[in-house]
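Please open the model in a viewer and keep the sequence panel visible. The tour below proceeds by selection, one stop after another.

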Amino acid sequence: MWKRMRRRAREGRRKRGRKRREKDGGQDSGEAGEKEEAADSALNVTRLKSLNSLPDNTAAGKVAKPPARVIATAPGAKQASKAQPYECIFPATDPFDPQLKSALKVYPPLDCSKHTANIVYLENFVAKVNHSKLSLVLSDGYNFSHCRCKEIKRKNGSDKDVKYTWTSETFTDSLALEPWQENIMTECFDTKKRAISRSYFPLIRVKNETERFLKKNYKKYATHNSPLETLSILVLGIDGMSKQHFERSMPKTRNFLLEKMGAIEMYKYNKLAFETFTNVLALLTGHTPEEFYKDWHYNQTEFVDQINEAFIWTDARKIGYRTGMMLDTYNLTAFHYQKKGFKESPVDYYQRQTVIASERDKLMRGNDSNCAGDISEVTQIHDYWLQMARTFGKDRTTPFFAYSFAVRITHDDCNLAYEGDDVYYKFLQDLVATDSLDNMVIVWFSDHGPRFGPIRETYNGRIETSTPYIFFVFPPWFERKYPKLISTLKINQNRLSSHFDTYETLRDLLYFKAGEKPSGKLSERGISLFREIPKERTCQQAGIPSEFCACGRLSRLNLTNQLQSLLGMALLDRINSFIGHRNSSTLSSFVLSKNSKHTINEGNSFLPVNFSDSNVHRHSTDILSDSTSRLPSEQLRKKCSPLTLLAVERVYHVTNDQLQSLKTKTYRVTIKTTPGFGLFEGLVNYEPGDSGYVMGDIVRINLYRGQAECVQDPWVRQFCFCVK
Ligand SMILES: [Zn+2]
C-alpha cells in the first residue's frame with residue numbers, strides 16, 4: 001500500500017509542480033531585505049474606527065487551537081522571466097531589533113525548586129530514597145513512612161490513558177528494579193499515609209527480543225548494502241521557535257551548538273505550514289497530509305498507525321536501528337492534538353506512559369506545567385536520550401534513531417524560551433559527556449516561528465513566523481572523511497530549504513553512501529542537503545505555499561486609502577465566504593470615496609475585486625478534523641457571526657523581481673475585524689484598475705480562545721465568532 005502511495009504522491013507532486021510553475025511564477029522572488037519604516041505613524045492605513053480603545057486580544061499568551069492548513073491554487077500568475085537569474089533572499093532581520101523590545105519579555109531561568117521535591121532518584125536501575133530531601137516534603141509533626149514503585153502501561157487501545165499494572169513491596173531506603181520495568185512511578189508516604197512525593201522514570205532497557213530482531217535486520221542490511229557508515233540519529237525539535245528567537249532567547253545553547261559541537265545552521269530554512277503537524281510530517285515522511293488523504297483520513301476516530309510505515313523511523317527499524325520517540329504532553333503533540341495518536345507503539349522506545357501519568361499528577365505539577373516536581377519536564381526527555389546514548393550510542397552495530405519534540409516551555413508563550421536556555425545548554429553538555437557523539441548525527445530544529453502574540457504582530461515577526469531554525473551536528477571526524485558532503489551542505493546553508501529537504505537528508509544518512517551526489521533539480525520538492533540545491537529554487541518548487549514563503553522584500557508603499565480598503569475588503573470577503581457569509585450585507589457599511597473607480601454595491605456583494613471561484617481555496621478541513629464535525633455553509637452561517645472590517649492594519653508590498661515587468665502587484669495585507677477583534681493576514685494579488693484575488697491561505701494571527709467553541713473544525717475556528 002505504501003509503495004503505491006509513494007508513487008502516487010510522486011506523480012501528484014510532479015503534476016502539481018508543473019501546474020504551479022505554469023500558474024504561479026512569483027511571490028517568492030525578491031532582492032535584499034529592506035527594513036520597513038518603523039513607526040505606525042508612517043502608515044497610510046484606512047481606519048474605519050479609532051483603534052485606540054480596543055482591547056489587546058493578542059497578549060494573553062494562551063494556547064490557541066491551531067487551525068488547519070489551507071492550500072490554495074493561485075491563478076493567473078505569469079511565467080517567470082528567464083532573463084534574470086532568480087535567487088530567494090530572506091529579508092534581513094535583526095534578532096535584537098529595538099522595535100521588538102515591547103514584544104519581548106525576558107524570563108529568568110526556569111526554577112522548579114519550589115515545587116514538591118522528588119524524593120526518589122535512580123542509580124543503575126536501583127531506586128533510592130534521598131533522605132536529605134525528606135524535610136522538604138514532610139509537614140510538621142509527620143514522619144516519613146515508606147515508598148513503593150509501580151509500573152505504568154498504556155491502556156489497551158488508547159494513546160492518552162494509562163494503567164498501573166504492578167506494585168512493588170514497600171521500601172524505605174532502596175529498591176532494585178526488575179529488568180523488564182520500563183516506565184516507573186515511585187510514590188512515597190508519610191506516617192499519616194499521605195502521598196508526599198512521586199517521581200516518574202522512563203527507562204531505556206535492553207530488550208532481548210527487540211535486540212534479536214534488530215540485529216538480524218542490521219546484519220541483513222549490512223551484508224547486502226555494505227553501508228559506509230552507520231550513524232545514530234537524534235532529532236530534537238522545539239515547538240514554535242524562529243531562528244531569530246532561538247538566537248535571542250537561548251544564547252548559551254546556540255553558542256554551545258555552534259562553537260563546541262560544530263553545528264551547521266541552514267540560513268534559509270522556510271516553514272511549510274501554519275501548524276506543527278504538517279511541518280513535522282514533512283520532516284518525518286517527506287509528505288503533506290493531503291498526500292495521505294486517499295488512504296488515510298486522520299482525525300479523532302482513526303489512529304496514526306495506519307501510516308506508520310511512511311515514517312522514517314520505520315525505515316530505520318527495518319535496517320536495524322533502535323527507534324525511539326518522546327513527546328512531552330499528553331494531548332498537544334502533533335499526533336495527539338485533535339487526533340488519536342498511536343494504538344500500537346510506533347517505535348521500539350515509545351515514551352508515553354510516564355508523560356501522561358506525570359502530566360496528570362497535581363501533587364508534583366502544581367500550577368506550573370513546565371515542572372515535574374523539582375525538575376523541568378523537558379529534562380525528562382533529555383534524560384531519556386542520555387540513557388539511549390549511553391546504552392546504544394557507543395557501539396556502531398547498535399545504532400538508534402530517536403525523535404522528540406518539546407511543546408513544553410515554548411508552547412504557551414515563545415518568550416518562555418528564555419527560561420529554557422540553561423536546561424537545554426546543560427543537556428548538550430551532558431550529551432557530549434556520554435562520549436557517544438562519535439557515532440551520532442544531531443538534527444536540532446523547530447517546526448515554525450511564532451504564530452500569535454506580540455512578536456508575530458511586528459514587522460520582524462511577520463518574517464520570523466516563516467523561519468524556524470535547523471542545525472546539523474556531525475561526528476568530529478565526519479568532515480575530514482567526507483569533505484565534499486560537508487562543503488555541499490555549507491553551500492546549501494544559503495539556499496532555500498525546508499523540512500522536505502531534511503527528510504531526504506535523513507534518508508541519505510540512514511542509507512549512507514558517500515559517492516558523488518548529483519546536484520538537486522528544480523523539479524524535486526525535497527532535496528537532500530548533501531546534494532547542491534539550485535540557487536534559483538523558488539518556494540513553489542520547494543513545496544512552500546506562497547503565504548508562508550519568506551523570500552522577497554517587504555516594503556510599505558504610499559497606497560491610497562481606497563486601494564488599502566480594497567485589499568482589506570478582498571480578505572474580508574474571502575473570510576466571510578469561509579463561514580457562510582459570502583455576499584453578506586455587512587459590506588454595506590464600508591464606504592469608499594465617491595471618486596473611486598471601484599464600486600461598492602450597497603447591501604450587496606463586493607464587486608471591485610474580481611473574485612472567481614476557480615481560484616478559491618482548496619482547504620483541507622475535512623482531512624484535519626473529524627469529518628462529521630464539518631458543517632455545511634448554511635449551518636456555519638447560523639453559528640458564526642458575519643465579520644466586518646474594522647481596520648486595514650498593515651499592507652506590505654512584496655517585491656518580486658520575476659514580476660517586475662508585469663502589472664500585477666502582490667500585497668501582504670493584515671486586517672482587523674469585528675466582532676472579536678480578529679487579526680488576519682493574507683496575500684492579495686492586484687492588477688490596478690482591473691482585478692485581484694486572494695492568493696493562498698489566510699491566517700489568523702491573534703488568539704481566538706473563547707470565541708469559536710461553537711464549531712469543532714479547527715480550520716473554521718480561526719474565522720468564527722460564535723453567535724451567542
Ligand atoms: Zn508548532
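Two residues are in contact if their C-beta atoms, placed from the backbone, lie within 7 Å. Helices (H or I, at least four residues) and strands (E, at least two) are DSSP runs, numbered from the N terminus. The model is predicted: local features need pLDDT of at least 70 and side-chain atom pairs count only at pLDDT 80 or more, while totals for chains, interfaces and linings use all residues. Residues are numbered from 1 along each chain as its sequence is written.

**The whole chain**

Begin with the entire chain, which has 22 helices and 23 strands. A residue is called buried if 20 or more other C-beta atoms lie within 10 Å of its own, exposed if 12 or fewer, and partly exposed in between, with C-beta atoms placed from the backbone. Of the 724 residues in the chain, 51% are buried. Among contacts with a separation of 6 or more, 78% join residues 24 or more positions apart.

**Helix H17**

Select residues 499-510, which form helix H17. Its 12 residues reach 17 Å from the first C-alpha to the last, close to the expected 16 Å, where the expected span is 1.5 Å times one less than the number of residues. H17 is mostly covered, with 9 of its 12 residues buried; among these are His 499, Phe 500, Asp 501 and Leu 510. To display what covers the buried residues, add elements including strand E9 (232-238), helix H6 (276-285), helix H8 (312-318), strand E16 (440-446), strand E17 (470-473) and helix H18 (539-542).

**Helix H19 and the core**

Move next to residues 561-578, helix H19, whose 18 residues reach 26 Å from the first C-alpha to the last. Because 15 of its 18 residues are buried, H19 is largely enclosed by the rest of the structure. Gly 580 follows H19 and has a positive phi, near 80°.

A nonpolar core is a set of buried Ala, Val, Leu, Ile, Met, Phe, Trp, Tyr and Cys residues joined through C-beta atoms within 7 Å. In the largest one, of 177 residues, Trp 444, Leu 567, Leu 571, Tyr 667 and Val 684 touch the most other members. H19 supplies the largest share of this core, 9 residues. Centre the view on Trp 444: apart from residues up to four places away in sequence, Trp 444 touches Leu 236, Leu 257, Ala 263, Ile 470, Phe 471 and Val 473.

**Helices around H12**

Now select helix H5 (residues 251-260) and helix H12 (residues 417-433), whose axes come within 7 Å and cross at roughly 25°. Axes are lines fitted to C-alpha atoms, for helices over the stretch in contact, and angles run from 0 to 180 degrees between N-to-C directions. The contact includes Phe 256 and Leu 257 of H5 and Tyr 424 and Tyr 425 of H12.

Add helix H11 (residues 377-392), which packs with H12 at an angle of about 5°, with their axes 10 Å apart. Here Val 378, Thr 379, His 382, Leu 386 and Ala 389 in H11 meet Gly 420, Val 423, Phe 427, Asp 430 and Leu 431 in H12.

**Tyr 403**

Finish at Tyr 403, found in strand E15 (residues 400-406). Is Tyr 403 buried or exposed? Tyr 403 is buried, because 25 other C-beta atoms lie within 10 Å. Discounting residues up to four places away in sequence, Tyr 403 touches Val 235, Leu 284, Trp 313 and Met 325. Tyr 403 and Met 325 are 78 residues apart in sequence, yet 4.8 Å apart in space, C-alpha to C-alpha.
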